[in-house]
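Please open the structure in your viewer and keep the selection tool at hand, since each stop on this tour begins with something to select.

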Amino acid sequence: MSEVLDLRPALPAALVALTGVVVLLAQAFTPKGQRAPSSALSLVGLVGALAAVVALGGGSARGAVLAGALAADGLSLFLQALILAVAILTVLLSPGYLRANGIERGEHYALLLFSVVGMLGLVSSLELVSMFVALEIMSVALYGLAGFDRARRESQESALKYFVTGSFASAFFLYGVALVYGVTGSTALERVTRSLGTASPAALPLAVLGAALLLVGFGFKVASVPFHMWTPDVYEGAPTTVTAFMSAGVKAAAFGALLRVFDYGLPSLASHWQPLVAALAVVTMVVGNLAALAQTSLKRLLAYSSIAHAGYLMSALVAPPALASEAILFYLVAYAAVNLGAFGVIAALAREGREPASVADLAGLSERRPALAAALAVFLVSLTGIPVTAGFVGKFYLFNAAVASGWVVLALVGVITSVVSAYYYLRLVVAMYMEAPLGEDRFAAVAPAAVLALSLSAAATLVFGLWPAPVLALARLAGRSLF
Amino acid sequence: MTPQLPHLLSLLVALPILGALVVALTPRGSESLAKLVGLGVSLAAFLASLQLVTAFKDVAAYQFDESVPWIPSLGISYHVGIDGLSLWLVILTTLLTPLCLLGAWSQIASRVKEFVLFMLLLEAGMIGVFVALDLFLFYVFWEAMLIPMYFLIGIWGHDRRIYAAVKFFLYTFAGSVLMLVAFLVLYRHVGTFDIPKLVAMPVAPWLQTWLFLACALAFAIKVPMWPFHTWLPDAHVEAPTAGSVILAGVMLKMGGYGFLRLAIPLFPDAALRLAPLVGVLAVIGIVYGALVSLVQPDLKKLVAYSSVSHLGFVMLGIAGLSTIGVTGAVYQMLNHGVSTGALFFLVGMLYDRRHTRLISEFGGLRAAMPWYFAMFLLISLSSIAMPGTNGFVGEFLILMGAWSASPKLVAVASLGVILAAAYILWMVKRVFYGELRNPKNQGLPDLSPRETAVLLPLVALAIVMGVLSPAFTRRIEPSAEALVRRVHAHVQPAPAGVAALLKAPAAQAPPPAPDAGNVR
């Protein structure tokens, strides 16, 4: 019984949710004409939650709570720490950006915190229905965030598109859950695993269909082709800091849940879903990278790059859980730092509602903002997967996982599309370093908090590229909760 | 004897990186400080690298070995060491870098700080490639080096610099990613990334063919071998002088070095079977490069295409797979670094004065710039392999070494020697002899002391390496011999038919006889 009452594993999420409520209340009780300290409050709450995650990781209480629905195992703690770090960096980036766009309202932070609650739940769910609830908490808050810049039509469009496709994806997910429940009689992943192991062959097609529908649901969330159509529009229209948060945070949370469901819940169907995942990975890498080639808008380009990276991540999912989890978890860390940084640089340049929108707007950035340009160059090099960045080590592990499990073709497609990606990432570097600046300097001086966030991202990119062993060791440990 | 510095190889890699950090911290505007730091650091690295020569033992073993675990979960370690194949290439790198910085002293006017920074990072990357004894580490340096070179071409290059920079990057990146997959596949089958361990491990012949081809593509693009050479003229011509010198002097050597360090020792059976193909491509490169050089109106393009021809000789020596040929190939890599490096310096100096590189713009420069002419002539002679210069030793060893493999190829390659004399001497005649007709060439200043300081070491080396070649080759030879012996000793009986060379025996062919010994 004591297990059921042990609520410690839910502590980080509870702290974040509480902070969200406090931020809303503080907003309400702040006299007119004054600003509530929303970002500071959010930072305190998020850092507290991160401390709780670290304490849980060091302590012994790591079991399941709420009748086995939530767990504080290695996988969830690793990803929770990552998601909280992403949220902290986003909060650091936000004030300057919100001010520049005239949308400095406390609700932004509250929504951000609520979506973090959903993400934290998503990666710690051991049960499909609670996983669905967490997914919805995350998504609903994100719909609001995407449309947060109400005055801009693109932002509204972004929210609506995200909402419609997101609901569509949720329906697929739920249908998949229903089918899995129909076959196994349970939604708890542990029991799903056990009963699938002994299920009759007649039930197999239904179970595979269930797995496929779950994959479609996740496919939407991680922006894998052919479920990626919403990504460029949503990424482009949403406020840039929100895009940064979505691209890093949602990917981490959704891939964490994906690992959990498929490697922990459905390993006995692996021979059926692996080819599906492999096929998705191939089309995602190819389509994402080729489409990015044609983009001139910065945010759309990075959106397609984000699609392509979903493909790289998926190519490791075909490997046995130990290899797959180590590679994917490390890559999620590397990718979060890099993508947050890349979108962060764009956001940091925003002034009076304007930010660099197209590749050409970056021309000569190295002369006007040498440090920002250098940081963006580091992020782009890492996205391309060139040493000595975390992106290289990450891709090395992803492709190693694919090769080690016999999927050499995935690694081949991965490296060849990486060469394609080099072309469009280099275009930004060319603009920043090799072209002369055009016109007058229209962009902002960077806020100190944003400088801190970008420095942290850049430092993580380089340090994890040179010395990845500690993160890899943690990722390996975290992966143990899957098998 | 001075006491040996500890961790000498790591020091050589770390020194330029530390220097780059210092340069990055220098305040904006203090450009000569950045240049001084760069020059000082690269000179210090050169002096330190000389210790490698004095302490080197003439045996085949890896020396100055250092190994520290790096990424334990895949058994990757920071493992460095050198043998006779890499020793001189390290020295070449540490020699050319300070010369390039000195040569670019007044040439680079904009963003000096970044220039010095990228040069130092490039040096660290190049040394790293030559000393790495772990596949992962090798790949890290191999790729990381592309970035500074990309910036050097793209920022400080000539008119079509952006096109050339992107082309250079994409070409070499495309080549190397397949090598990365080959490393991963190899790891899956053998379970280590450590090169000395890998050398001792047999790999199934069908797998060797694939892996050799994947690595060979990466290296062939870097060399560059015909028909993978098309990035080279663009990159060389558009790069600033320092970039061209490093590109030709050191980076092209990495292709040949890659064959010697990885492709051949790791996949000896495939290497032995595919050597004739490499030899043929090498000879095509020799003749093609020479013919194209012959018709170039642009001095820098001429030197660039002559590199295709000269590197063809290097590959021919490697393809011969004999001790003499491989020794000659390594020696020729050094020669090419010295003489073509110097030629790019010389062309650059002329460009600084006249802002053109068209041969037709010149003529009769002998009278205007006698010292310049003297240096140019000596280097030209070394480039066409005059006896007494370094080029002769290298080409002679290569042709001799390749003879046992294929007299026919050697016969065709010799054409290249003659053509080299033709295109170089004809160029010298058009630029320096005759009357000084073009008024713009009147009163061109001769070499400045700084320029003399850049050229003199290279010219002196060209002669010293020509007369004292054994001092160099005796350090190369043991390693070359060990490599060749490994290739010929470990040969596994080749399965019959092309299909059997490319497919896993378990999947397609019937199981081989138990005594075949080629299935692990």
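Begin where the two chains meet in this predicted model: selecting the residues in contact across the boundary should give 26 residues of chain A and 26 residues of chain B. Staying on the chain A side, select helix H17 (390–404), helix H18 (408–434) and helix H20 (469–479), each of which supplies at least two residues of the side that touches chain B. Which of the helices gives the most to that side? It is H18(A), with 13 residues. If you colour the side of chain A that touches chain B by residue class, you will find 22 nonpolar, two polar and two charged residues.

Next, move to chain B and select helix H1 (residues 8–25) together with helix H2 (residues 31–55), whose axes are 9 Å apart and which pack at an angle of about 175°. Because angles over 145 degrees count as roughly antiparallel, H1(B) is roughly antiparallel to H2(B). Among the residues that make this contact are B:Leu8, B:Leu15 and B:Val22 of H1(B), and B:Ala34, B:Val41 and B:Leu52 of H2(B). The contact comprises 14 nonpolar, five polar and no charged residues.

Finally, select helix H13 (residues 268–294) and helix H14 (residues 299–320) of chain B, which pack at an angle of about 155° with their axes 7 Å apart, and are therefore roughly antiparallel to each other. Here H13(B) passes H14(B) in a left-handed crossing. Residues to show where they meet include B:Ala275, B:Ile286 and B:Tyr288 in H13(B), and B:Leu302, B:Phe313 and B:Met315 in H14(B). By class, this contact of H13(B) with H14(B) has 16 nonpolar, seven polar and no charged residues.

Key:
Residues numbered from 1 in each chain as written. Chains lettered and ligands numbered in written order. Predicted model: local features only at pLDDT ≥ 70, side-chain atom pairs only at ≥ 80, totals over all residues. Contact = placed C-beta atoms within 7 Å. Helix = DSSP H or I, 4+ residues; strand = E, 2+ residues; numbered from the N terminus. Nonpolar A, V, L, I, M, F, W, Y, C, P; charged D, E, K, R; others polar. Axes fitted to C-alpha atoms, helices over the stretch in contact; angles between N-to-C directions. Parallel < 35°, antiparallel > 145°, perpendicular 65-115°, else oblique. Left-handed = near helix turned anticlockwise from the far one by under 90°.
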